[in-house]
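Please find below a colleague's note on the structure, set out as numbered points. It may be read with the sequence and the model side by side.

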Amino acid sequence: MANRFGTDILMQAPDPANAASFYVEQLGFTITGETPNMVSLHGEHINLFIERGPALGPVLEVTVGNVAEAKVRLVKNGCEIVKDEPDFPRCYVKDRLGLIYNLTS
């Protein structure tokens with residue numbers, strides 16, 4: 001199983017533009033993309049995406065060979081599916097230690 005952490009971190013906020021302004025003003029990020037429901041901030045090593053929605057905290061990205069198989073295995077071992085988007089495909093998982101990550105392939 002050769003999975004890896006990605007360079008993307010996703011957050012959700014009721015107002016993505018307002019949330020993004022903090023990272024621009026306080027940490028020097030630059031807005032690199034903006035839609036009504038998402039603001040993208042690309043950095044040299046990390047990309048931050050702020051999506052409209054209820055706050056989940058930071059969501060790391062984990063790339064796996066097969067999202068469906070990983071999801072079944074993780075749930076079987078005590079993880080909780082927080083949000084499932086099979087059409088994307090991606091799946092937000094909360095593990096036994098409370099870490100939330102986005103499974104993607």
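1. What covers the buried residues of H2? The cover includes strands E7 and E8. The model under discussion is a predicted one, and the points below begin with this helix before turning to the sheet.

2. Helix H2 spans residues 67-76 and packs on the sheet, where it touches E6, E7 and E8. Its direction makes about 145 degrees with that of E8. The residues of H2 that count as buried are Val-67, Ala-70 and Leu-74. Seen down the helix axis, these buried residues fall within an arc of 65 degrees, so they line one face of H2. A general rule is useful here: an α-helix has 3.6 residues a turn, so residues three or four places apart point the same way. On the other side of H2, Glu-69, Val-72 and Lys-76 are exposed.

3. Both ends of H2 merit a remark. At the N-terminal end, Asn-66 acts as a cap, with a side-chain oxygen 3.0 Å from the backbone nitrogen of Ala-68. After the helix comes Gly-78, which has a positive phi near 95 degrees.

4. The sheet itself is open and consists of eight strands in the order E2-E3-E4-E1-E5-E8-E7-E6, with mixed pairing. Its edge strands are E2 (31-35) and E6, each of which pairs on one side only. From one strand to the next, the twist averages 25 degrees. As general background, strands of a sheet pair through backbone hydrogen bonds, either parallel or antiparallel. A second helix, H1 (residues 16-27), also packs on the sheet and touches E1 (4-13), E2, E3 (38-42) and E4 (47-52). The direction of H1 makes about 155 degrees with that of E4.

5. Strand E7 (residues 90-94) is mostly covered, since four of its five residues are buried. On one side, E7 pairs with E6 (residues 80-85) in the antiparallel sense over five bridges. Within this pairing, Glu-80 has Lys-94 of E7 as its bridge partner. The connection from E6 to E7 is a hairpin through four residues.

6. Strand E7 is also joined to E8 (residues 100-104), by four bridges, and these two strands run antiparallel. Across this pairing, Tyr-92 stands opposite Asn-102, while Val-93 stands opposite Tyr-101. The hairpin of E7 and E8 has five residues between the strands, and in this hairpin Gly-98 takes a positive phi near 95 degrees.

7. At the other end of the strand order, similar features can be traced. E2 and E3 pair in the antiparallel sense over four bridges, and they form a hairpin with two residues between them. Thr-35 has Met-38 of E3 as its bridge partner. E3 and E4 are likewise antiparallel, with five bridges, and the hairpin joining them runs through four residues. In this second pairing, Leu-41 is bridged to Leu-48 of E4.

8. Which residues make up the largest nonpolar core? There are ten: Val-62, Val-64, Val-67, Ala-70, Leu-74, Cys-79, Cys-91, Val-93, Tyr-101 and Leu-103. H2, E7 and E8 each supply at least two residues of this core, and the largest share, three residues, comes from H2. In general terms, nonpolar side chains of soluble globular proteins tend to be buried together.

9. Tyr-101 illustrates how the parts of this core meet. Leaving aside residues up to four places away in sequence, Tyr-101 touches Val-59, Leu-60, Val-62, Leu-74, Cys-79, Cys-91, Tyr-92, Val-93 and Asp-95. Apart from the largest core lies another, of nine residues, among them Ala-13, Tyr-23, Leu-48 and Ile-50.

10. Is Thr-104 buried or exposed? This residue lies in strand E8. Thr-104 counts as buried because its relative accessibility is 13%, and the cut-off for buried is under 20%. Leaving aside residues up to four places away in sequence, Thr-104 touches Glu-61, Val-62, Thr-63, Val-64, Val-67 and Pro-89. Among these contacts, Val-67 is also one of the buried residues of H2.

Methods
Residues numbered from 1 in each chain as written. Predicted model: local features only at pLDDT ≥ 70, side-chain atom pairs only at ≥ 80, totals over all residues. Heavy atoms only, no water. Buried < 20%, exposed > 50% of the residue type's maximum accessible area, 1.4 Å probe, protein only. Pairing = 2+ DSSP bridges. Axes fitted to C-alpha atoms, helices over the stretch in contact; angles between N-to-C directions. Contact = heavy atoms within 4.5 Å. Arc of directions from axis to C-beta. Polar contact = N/O pair within 3.5 Å; in protein donor to acceptor, adjacent residues only side chain to side chain. Core = buried A, V, L, I, M, F, W, Y, C linked by side-chain atoms within 4.5 Å.
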